[in-house]
Amino acid sequence: MIEITSPSNPRYKTIQSLSRKKDRLKRREFAVEGIKSVHDAIKAGADIDRIAVSETFFSSHGFEYPNGAHILKMSDRLFEKLCDTEAPQGILAVIKMKDTPPFEPDTSKDYIYCDNIKDPGNLGTIIRTADAAGLDTVLLSRGCVDPYNPKTVRSSMGSFFSENIIRNAEYAVFEKFAGLGFSVIGGALSENTVDYREADYKKPCVIVVGNEADGISHEVLKYCSPVKIPILGSAESLNVSVAAGILLYEIVRNRS
């Protein structure tokens with residue numbers, strides 16, 4: 001165990017830097033905080049390099065730390081400054097990013113493509129919902145929020161560690177989907193939009209959801225069969241993660 005007593009400690013400053021996307025990518029590391037998130041990372045076999053704990057947590061929790069991880073203990077005050085949650089639970093893990101092989105579509109699987117999703121909470125919920133619906137891969141366009149954002153990881157409720165998350169998935173991947181006969185179904189309004197229940201979910205599917213404000217980009221929309229989800233009240237639109245859930249579970253319904 002290593003004792004951290006000052007915010008100027010290099011180990012401490014390194015963990016602080018992981019709150020910034022550029023430093024996460026430079027170091028190929030990210031941080032997750034909270035008992036459940038750290039447990040989920042351990043259970044999934046994530047490459048945990050070090051774990052920071054507060055004095056209160058260390059003295060009051062019989063936590064089973066993973067072999068090989070460096071344990072950094074510090075005062076509650078120092079620990080709280082590492083966190084972006086309002087009520088830190090006293091434990092945080094630093095995890096090494098895993099390498100992702102080049103993506104190749106598999107016609108035995110379905111996928112969801114997130115086009116320029118900007119809200120980390122929405123992205124985390126989509127990852128969680130995709131996992132629940134039986135998908136194991138989530139594709140992110142180059143303009144999406146960083147999936148290693150702490151809020152994304154927390155919002156996924158553990159699914160972050162069980163999903164294959166493909167960052168910077170270029171629009172050219174839709175040429176591959178088209179060539180393999182996938183149904184590419186996107187939530188969007190256009191001249192040929194149909195009710196989402198009328199789309200073809202029998203073939204392997206790609207569900208496409210777009211930016212919270214602007215929807216699916218024109219570059220992607222040209223590959224999609226556009227569908228709409230009826231809105232019966234006065235709401236202008238559905239939250240993108242809710243829309244994703246409806247479309248993903250329509251795949252489930254059609255396959256059952």
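Where in the chain does L238 lie? In this predicted model, L238 sits in the loop that runs between β12 (225-228) and α10 (240-255). L238 is partly exposed, with a relative accessible area of 38%. Together with I231 and V242, L238 makes a nonpolar surface patch of about 220 Å².

Helix α10 is a good place to continue, as E250 is found there. With a relative accessible area of 4%, E250 is buried, whereas R253 counts as partly exposed at 49%. The two residues both belong to α10 and are three residues apart, about one turn of the helix. An α-helix has 3.6 residues a turn, so residues three or four places apart point the same way. R253 and E250 form a salt bridge, their closest N and O atoms being 2.5 Å apart. Leaving aside residues up to four places away in sequence, E250 also touches Y196, R197 and Y201.

The pair in α10 is one part of a wider set, and the count of salt bridges comes to 16. Another of these joins the side chains of E29 and R50, at 3.1 Å from N to O. Because E29 lies in strand β2 (residues 29-33) and R50 in strand β3, this pair ties together parts that are 21 residues apart in sequence. Both E29 and R50 are buried. A further salt bridge links K176 with E104, with the closest N and O atoms 3.0 Å apart. Here K176 lies in helix α8 (residues 173-179) and E104 in the loop between β5 and β6 (111-114), so the parts tied together are 72 residues apart in sequence. K176 is partly exposed, with a relative accessible area of 38%, and E104 is exposed, at 51%.

Towards the start of the chain, helix α1 spans residues 10-17, and Y12, T14, I15 and S17 are buried in it. The cover over the buried residues of α1 includes strands β1 (2-4), β3 (48-54), β4 (70-74) and β5 (91-96), along with helices α2 (21-27) and α5 (76-80). At the start of α1, a side-chain oxygen of N9 reaches to within 2.8 Å of the backbone nitrogen of R11.

The UniProt record, an unreviewed entry, lists residues 31-101 as "domain: RNA 2-O ribose methyltransferase substrate binding". In the model, this span is 28% helix and 30% strand, and the C-alpha atoms at its ends lie 22 Å apart.

Methods:
Residues are numbered from 1 along each chain as its sequence is written. This is a predicted model: local features need pLDDT of at least 70, side-chain atom pairs count only at pLDDT 80 or more; totals for chains, interfaces and linings use all residues. Side-chain values use heavy atoms; hydrogens and water are left out. UniProt positions are given in the numbering used here, feature names are shortened, and annotations may be inferred rather than shown by experiment. Helices (H or I, at least four residues) and strands (E, at least two) are DSSP runs, numbered from the N terminus. Buried means under 20% relative accessible area, exposed over 50%, partly exposed in between (1.4 Å probe, protein chains only). Contact means heavy atoms within 4.5 Å. A polar contact is a pair of N or O atoms within 3.5 Å; within protein, one must be able to donate a hydrogen and the other to accept it, and residues adjacent in sequence count only if both atoms are side-chain atoms. Patches are made of residues with over 30% relative accessible area and no salt bridge: like charges are joined within 9 Å, nonpolar side chains (Val, Leu, Ile, Met, Phe, Trp, Tyr) within 5 Å. Accessible areas come from the Shrake-Rupley method with a 1.4 Å probe; for residues, only the protein chains shown count as cover. A salt bridge is a side-chain nitrogen of Lys or Arg within 4 Å of a carboxyl oxygen of Asp or Glu.
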